[in-house]
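Student: I should like to learn how to read the features of a structure that is new to me. Could we look at one together?

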Amino acid sequence: VRGGLDRAAWQAALDDLVERHEVLRTALLEVDGRPVQQVCDPVAVPLLWERAPHAAGEPERLEAVRHLAAAHATRRFDLARPPLLRAGVWELADDDHVVLLAFHHAVTDGWSKDVLLDELGRHYTARRAGGRAPLAPLPVQYGDFAVWQRDRADNGALEPQLAYWERVLEAAPVLELPTDRPRPPVFTGRGGAVEVDLPRALVDRADALARERGATRFMVLLAAAQTVLARWTGQTDICVGTPVAGRGRLELEPLVGFFVN
């Protein structure tokens with residue numbers, strides 16, 4: 001974080017997050033062998049604030065801070081004692097800070113990260129000005145979603161869907177790509193990431209096709225990728241895994257929580 005960082009406003013902004021999102025102050029308990037959520041009163045977020053250690057040079061100092069941050073981030077959470085987040089700040093100078101935010105995965109997901117960072121900025125700006133962020137009240141909380149999901153599981157609504165996908169995926173073929181190396185004898189799951197820059201004109205055409213078909217850009221690009229795989233392999237059944245947000249209702253979009261099924 002470049003520039004001055006107001007410690008009191010930062011602490012208040014973190015506490016505002018916990019007050020707004022019940023899931024961050026929910027204790028996850030076990031009763032009779034089943035998980036139970038217990039929403040607790042707002043509580044202050046543990047905040048570690050230290051001067052960065054002295055070192056021979058700037059790269060060495062940053063590396064030392066990275067080690068401190070990693071140690072702070074990997075400390076275990078007690079799921080029965082919220083809040084299920086903690087924060088750290090290391091001062092490199094009066095106008096230069098390294099900030100850490102650590103959340104337990106039971107209460108956050110990838111989508112939540114954007115919600116948290118956006119709201120934290122709003123809370124901090126408002127607290128520095130002596131006020132509260134004018135955020136609209138949340139229509140529901142994560143606990144409501146958890147109850148809905150449990151009800152669906154208990155009344156058997158998920159069983160037909162699960163049975164369908166088990167049947168379809170049971171005979172899923174292996175993708176026979178023309179690779180330059182044979183598949184390893186033992187499946188490892190190791191893979192890689194490849195970044196591709198698409199020309200603006202191509203993206204605009206994909207967006208136009210998406211609007212025409214009532215789809216999203218993601219759907220168009222995924223269909224294109226699968227078409228290429230089909231041409232390379234000659235196969236018509238192709239399994240492609242993609243991450244999804246798991247938020248099927250608009251009122252779930254502004255929530256912090258673990259929505260991955």
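Tutor: We shall go from the whole chain to a strand pair and then to a surface patch. This is a predicted model, in which local features need pLDDT of at least 70 and side-chain atom pairs count only at pLDDT 80 or more, while totals for chains, interfaces and linings use all residues. Residues are numbered from 1 along each chain as its sequence is written, and side-chain values use heavy atoms, leaving out hydrogens and water.

Student: How many helices and strands are there in the protein chain?

Tutor: Helices (H or I, at least four residues) and strands (E, at least two) are DSSP runs, numbered from the N terminus. The protein chain has 7 helices and 5 strands, in the sequence pattern α-β-β-β-α-β-β-α-α-α-α-α.

Student: In which sense do strands β4 and β5 pair?

Tutor: Two strands pair if DSSP finds at least two bridges between them. Here β4 (residues 85–93) and β5 (residues 96–103) are antiparallel, over 8 bridges. They form a hairpin with 2 residues between them, and R86 has A102 in β5 as its bridge partner.

Student: Is L221 buried or exposed?

Tutor: Buried means under 20% relative accessible area, exposed over 50%, and partly exposed in between (1.4 Å probe, protein chains only). L221 counts as partly exposed because its relative accessibility is 38%. This residue lies in helix α7 (residues 217–233).

Student: What share of the 261 residues in the protein chain is buried?

Tutor: Buried residues make up 28% of them.
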